[in-house]
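Me: I'd like a close look at a single part of this model, the helix packing. Please take me through it as one connected account, with the cut-offs behind each term.

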Amino acid sequence: MASLTVRKLDDALKASLRLRAARNGRSVEDEVRMILRDAAEAPAAAPPALPTAPPVPAARPQYGDRAGAGRPRVTLIIGGGIAAYKALDLIRRLKDRGLHVRCVMTRAAQQFVAPLTAGALADERCYTDLFDPQSEFDAGHIRLARDTDLIVIAPATADLMAKMAQGHADDLATAILLATNRPVLLAPAMNPLMWANAATKRNVAQLIRDGVHVIGPNSGEMAEANEAGVGRMSEPLEIAAAADALLRPPQARPLAGTTILVTAGPTHEPIDPVRYIANRSSGKQGFAIAAAAAQAGAEVTLVSGPVDLADPPGVRVIRVESARDMLAQVETMLPVNIAIFAAAVADWRVANAGEQKIKKTAQGMPQLALVENPDILATVSKLTHNRPLLVIGFAAETEHLIDNATAKLRRKGCDWIVANDVSPATGVMGGDRNTVHVLTRDHEDVAIDSWPVMTKDEVATALVAKIAAATGHPPA
Ligand SMILES: Cc1cc2nc3c(=O)[nH]c(=O)nc-3n(C[C@H](O)[C@H](O)[C@H](O)COP(=O)(O)O)c2cc1C
């Protein structure tokens with residue numbers, strides 16, 4: 001009888017076998033035996049599906065060079081509302097995203113901001129007149145309508161939307177809008193009563209039916225004194241992000257339907273109500289992983305220690321302080337399919353933390369007794385009920401990186417360890433770059449995947465791609 005050397009299989013297949021074995025409560029060898037036996041007993045049946053897809057990073061497609069070649073073009077139509085001044089900031093925000101911006105202003109818009117300003121910010125003259133011979137020669141309304149990848153209208157006034165809904169074309173902006181076959185994004189801005197008016201509602205509903213995209217309006221204070229409500233134009237950053245999203249091809253969502261729990265950041269262990277023990281973790285790597293997993297379609301919960309980072313888009317974020325708080329939150333989030341423990345959890349806490357601020361006394365220094373914190377990674381890895389299918393830990397080491405990480409993988413009972421050298425010279429703690437080695441269990445052995453130095457976002461994308469390949473979710 002021929003023997004099969006599991007070590008000779010490729011990494012993705014080995015990882016799949018490991019997951020499958022864990023799911024069925026068998027060793028990898030027993031799992032392989034079962035697969036072979038099933039195949040031998042049922043020759044007509046299809047072989048068991050083992051995912052072998054290679055990791056494909058779900059990287060954001062890059063736009064062309066900043067000089068203009070290959071950059072998507074946005075035509076920004078500025079309507080005649082008070083929020084027209086914000087359109088000037090929007091030009092900059094769109095350019096920040098590598099987009100080429102061309103401006104068109106209605107006659108009313110020119111009462112609020114000067115075409116010269118918009119043109120200077122966009123690096124191209126601002127178009128205003130349907131019957132301007134120079135415009136007709138230069139571009140013409142038909143060319144302006146087509147020679148773009150997206151049209152953004154900000155602010156979209158009630159009047160401009162009414163004209164669009166009716167198909168008017170009596171000025172340059174409306175003629176372009178009627179002649180275009182490109183996507184259109186509206187950012188309405190008006191007084192709350194204008195927004196709530198039945199005519200406006202009808203027009204907006206019609207435009208949405210016609211396939212126009214709408215962002216906002218937000219709720220907030222109006223330019224008019226003592227007026228507040230829904231009608232405030234979305235912020236330029238929000239509009240630029242929405243425009244960018246419309247211009248990018250749909251992303252692969254290989255982790256759709258997967259629940260993922262991520263921990264990030266340091267923990268703070270109180271000494272008294274005002275002091276604590278902490279570490280230098282910034283949370284950037286864990287936040288980047290949560291963001292990449294969400295972008296890959298997973299339903300992500302991020303349990304984070306105290307960090308100064310904004311919530312990643314599409315991620316549910318739970319903020320905690322101490323290791324014990326973190327474990328409690330992690331336990332309430334189970335079951336999940338995958339758990340990634342990137343937090344730098346304090347190993348110890350102060351046993352005799354003061355309930356009041358500890359004061360200097362003549363009796364000398366306070367004696368702080370340390371006790372061990374719960375081990376979140378080991379606790380979850382060793383669960384017999386509700387254990388995630390894949391448990392990934394992080395090893396932050398300052399010496400003997402691979403040896404220490406290998407020992408940690410074995411000791412904690414997790415499936416993978418992401419090892420990184422956090423010696424001060426590497427600048428990893430708090431920095432934007434990371435060099436990691438991904439250790440995966442290979443039965444008795446440990447397989448090591450060493451990645452080059454990358455940004456933390458790139459590490460996150462590559463890790464998510466590896467997870468997708470290992471769990472049988474090849475990119476769509
Ligand atoms: C000071 C001032 C502020 C205005 N702000 C708005 C506004 O925020 N939203 C809106 O829909 N109309 C607003 N209007 C009314 C529009 O300027 C008017 O309906 C105009 O015809 C719209 O032109 P457009 O179709 O070129 O955008 C405002 C008018 C004035 C005088």
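Reply: **Helix packing, up close**

Let's begin with helix 3 (residues 84–96) and helix 4 (residues 115–122), whose axes come within 9 Å and cross at roughly 10°. Helix 3 is therefore roughly parallel to helix 4; angles under 35 degrees earn that label, those over 145 count as roughly antiparallel, 65 to 115 as roughly perpendicular, and the rest as oblique. The axes are lines fitted to C-alpha atoms, for helices over the stretch in contact, and the angles run from 0 to 180 degrees between N-to-C directions. Helices (H or I, at least four residues) and strands (E, at least two) are DSSP runs, numbered from the N terminus.

Please keep in mind that this is a predicted model, where local features need pLDDT of at least 70, side-chain atom pairs count only at pLDDT 80 or more, and totals for chains, interfaces and linings use all residues. Residue numbers start from 1 along each chain as its sequence is written.

On the helix 3 side, L88, I91 and R92 meet T117, A118, L121 and A122 of helix 4; a contact here requires C-beta atoms, placed from the backbone, within 7 Å of each other. By class, this contact has 5 nonpolar, 1 polar and 1 charged residues. Ala, Val, Leu, Ile, Met, Phe, Trp, Tyr, Cys and Pro count as nonpolar, Asp, Glu, Lys and Arg as charged, and the others, Gly among them, as polar.

Helix 3 also meets helix 11 (residues 236–247): their axes come within 9 Å and cross at roughly 45°, so the two are oblique to each other. The crossing of helix 3 and helix 11 is right-handed, meaning that the near helix is turned clockwise from the far one by less than a right angle, while an anticlockwise turn would be left-handed. Helix 3 brings K86, D89, L90, R93 and L94 to this contact, and helix 11 brings P236, L237, I239, A240 and A243. These residues divide into 7 nonpolar, no polar and 3 charged.

Next comes helix 7 (158–166). The axes of helix 7 and helix 10 (residues 198–209) come within 9 Å and cross at roughly 50°, so this pair is oblique too, and the crossing is left-handed. A158, M161, A162, M164 and A165 of helix 7 make the contact with A199, T200, N203, V204, Q206 and L207 of helix 10. By class there are 8 nonpolar, 3 polar and no charged residues in it.

Helix 7 is also the element that gives the most to the shell around the ligand, with 3 residues. Of the 16 residues around the ligand, G79, G80, G81, T106 and T157 come nearest, where a residue counts as near if its C-beta atom, placed from the backbone, lies within 6 Å. The shell divides into 10 nonpolar, 5 polar and 1 charged.

Past helix 7, D170 lies in the loop leading to helix 8. D170 counts as exposed because it has 9 C-beta neighbours inside 10 Å; 12 or fewer means exposed, 20 or more buried, and anything in between partly exposed, with C-beta atoms placed from the backbone. In helix 8 (residues 172–179), by contrast, L172, A173, T174, I176 and L177 are buried. The buried residues of helix 8 pack against several elements, including helix 6 (140–146), helix 7, strand 3 (150–156) and strand 4 (184–188).

Terms used
Contact = placed C-beta atoms within 7 Å.
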